[in-house]
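Thank you all for coming; I would like to take a few minutes to walk through one chain with you. Please have the sequence and the coordinates open while I speak.

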Amino acid sequence: MDYPEGCKDINDVLLKLGHEGVVEVIENAKHIPIDGVKTFRDFKKEIKDMRDGVTCSYYKTGCDDMDKHLKIKTGQLNIVTGSPGSGKSEWVDELVVNTIKNYGMKWVIFSPENNPSAVYFRKLASKYCKKGFKQMSDAEVDLSTEDLSDHIQLLVDSEEEDISIDYILERVKALVFRHGIKGVVLDPWNEILNETGAREDLYISKVLRKVKRFARLHDLSIWIVAHPKNPKMLNDGSYPRITAYDIVGGYAWFAKADNLFSVWRDKGNHLNPVEIDIQKIKQKTDGKEGICYLHYDYESGTYTGAGSSLDDKSEVQDYGGQSVNGTTQYDKFN
């Protein structure tokens, strides 16, 4: 409450200005803001920007075909699943390296399956230099070591404490303030201590809500790699395409994700493109659902665009060969 000049409290107002002065002070009093309560008036700038076609800042993926489907934004939770051996981690690592090279984006990565860390570095450095590790010069190894070290903080297993989601978020929060972290990778989810209890779906929903809120509060792009539960191999030795409902906890993954991706590749023919099935994009301004096709280079571990389901057929690059269902790449987009 604001008091007239020379008055320190409402009693002073009464003594110096009388009853009318008190009434005036009360009628003009401003309410103390309530934490967590806003009106659209508080977002006038964002609303005007949206009306003028200005969107908030984002990171491109580093692949033109994938950029048609996705803008990488902070404050969002991204879920990546897929069939076994499809390259879920490889694709997420590609996004990490591309945003480092193109934007200097800083990341925290918890990836216990990529152990020891020197082997993980080899994978990332190959993507960074776009060549096999053995073909890299000493200068390239040194450059990638320094740049990746400047932009990636590794969360490694602790001998003293189980790695729970709270353990991870506590350290990520410290690194946000210390190093300006903007991205987080948790790969895979099943390596994090989860006390699911009898209702796994309820637990998953609750913990993902916590992670999603953390992403918004600290302006982070969080990526979780989640393996499907007991996928069954088909008669031809391949795996079916995976959805969020195939992950332990089912629908909770789909419901809580801002963006959801499923990776699939034809293990019978590595010349066929990897499929990134964009199954959910929550905000229309952030991308479009559909399938992005990527060719994977086994030597460098990098991806190149091979088309998108959003393409007009005249725009699709013809790499030859046939897709998994026997149609040509050209036919796939009709």
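Let me begin with a definition: a residue is called buried when its relative accessible area is under 20%, exposed when that area is over 50%, and partly exposed in between. What we are looking at is a predicted model, and I will use these words in that sense throughout.

With those cut-offs in hand, take Asp 150, which sits in helix H6, residues 138-151, and which counts as partly exposed because its relative accessibility is 48%. Asp 150 belongs to a patch of negative charge on the surface, where it gathers with Asp 138, Asp 142 and Glu 146.

A second surface patch is nonpolar, covers about 250 Å², and is made by Tyr 3, Ile 10 and Ile 26. Of these I would point to Ile 10, which lies in helix H1, residues 10-27, and which, with a relative accessibility of 33%, is partly exposed.

Let me turn now to helix H4. How far apart are the end C-alpha atoms of helix H4, and does that distance agree or disagree with 1.5 Å a residue? The helix runs over residues 88-103, 16 residues that should span 22 Å at that rise, and the end C-alpha atoms are 23 Å apart, so the two values agree. H4 is also mostly covered, since 13 of its 16 residues are buried. Just after the helix comes Gly 104, whose phi is positive, near 70 degrees.

Next, the charged pairs. Side chains of opposite charge can pair when their charged atoms come close. In this model the count comes to 12 salt bridges, and I will go through several of them.

The pair I would look at with particular care is Lys 210 with Asp 166, whose closest N and O atoms are 2.9 Å apart. This pair links distant parts of the chain, for Lys 210 is in helix H8, residues 200-217, while Asp 166 is in helix H7, residues 165-179, and the two are 44 residues apart. Both ends of the bridge are partly exposed, Lys 210 at 38% relative accessibility and Asp 166 at 43%.

Another salt bridge brings together the side chains of Lys 131 and Glu 140, at 3.1 Å from N to O. Lys 131 is partly exposed at 29% relative accessibility, and Glu 140 is likewise partly exposed, with a relative accessible area of 22%.

Glu 170 and Arg 171 also form a salt bridge, with 4.0 Å between the closest N and O atoms. Here Glu 170 is exposed, because its relative accessible area is 53%, whereas Arg 171, at 27%, is partly exposed.

Beyond single pairs, there is a network of salt bridges that links Glu 90, Glu 94, Lys 123 and Lys 127.

I would like to spend the remaining time on the backbone. Most residues other than glycine have a negative phi, and most peptide bonds are trans. Where, then, are the exceptions that I would ask you to inspect?

Asn 115 and Pro 116 are joined by a cis peptide bond, with omega at about 5 degrees, and Pro 116 has its place in the loop between strand S2, residues 107-110, and helix H5, residues 117-129. The peptide bond from Asp 187 to Pro 188 is cis as well, its omega being near 0 degrees, and Pro 188 is found in the loop between strand S4, residues 183-186, and H8.

As for phi, Asp 219 is not a glycine, yet its phi is positive at about 55 degrees. Asp 219 lies in the loop between H8 and strand S5, residues 221-225, and is partly exposed, with a relative accessible area of 33%. Asn 230, again not a glycine, has a positive phi of about 45 degrees; Asn 230 is found in the loop between S5 and helix H9, residues 251-256, and at 62% relative accessibility Asn 230 counts as exposed.

My last item concerns Gly 290, which lies in strand S8, residues 290-297. Is Gly 290 buried or exposed? Its relative accessibility is 17%, and therefore Gly 290 counts as buried. The C-alpha atom of Gly 290 is separated by 9.6 Å from that of Lys 68, although the two residues are 222 residues apart along the chain.

Technical notes
Residues numbered from 1 in each chain as written. Predicted model: local features only at pLDDT ≥ 70, side-chain atom pairs only at ≥ 80, totals over all residues. Heavy atoms only, no water. Helix = DSSP H or I, 4+ residues; strand = E, 2+ residues; numbered from the N terminus. Expected span 1.5 Å × (residues − 1). Buried < 20%, exposed > 50% of the residue type's maximum accessible area, 1.4 Å probe, protein only. Patch = residues over 30% accessible without salt bridge, like charges linked within 9 Å, V, L, I, M, F, W, Y side chains within 5 Å. Areas by Shrake-Rupley, 256 points an atom, 1.4 Å probe, with all protein chains shown as cover. Lys, Arg positive; Asp, Glu negative; His and termini not counted. Charge placed at Lys NZ, Arg CZ, Asp CG, Glu CD.
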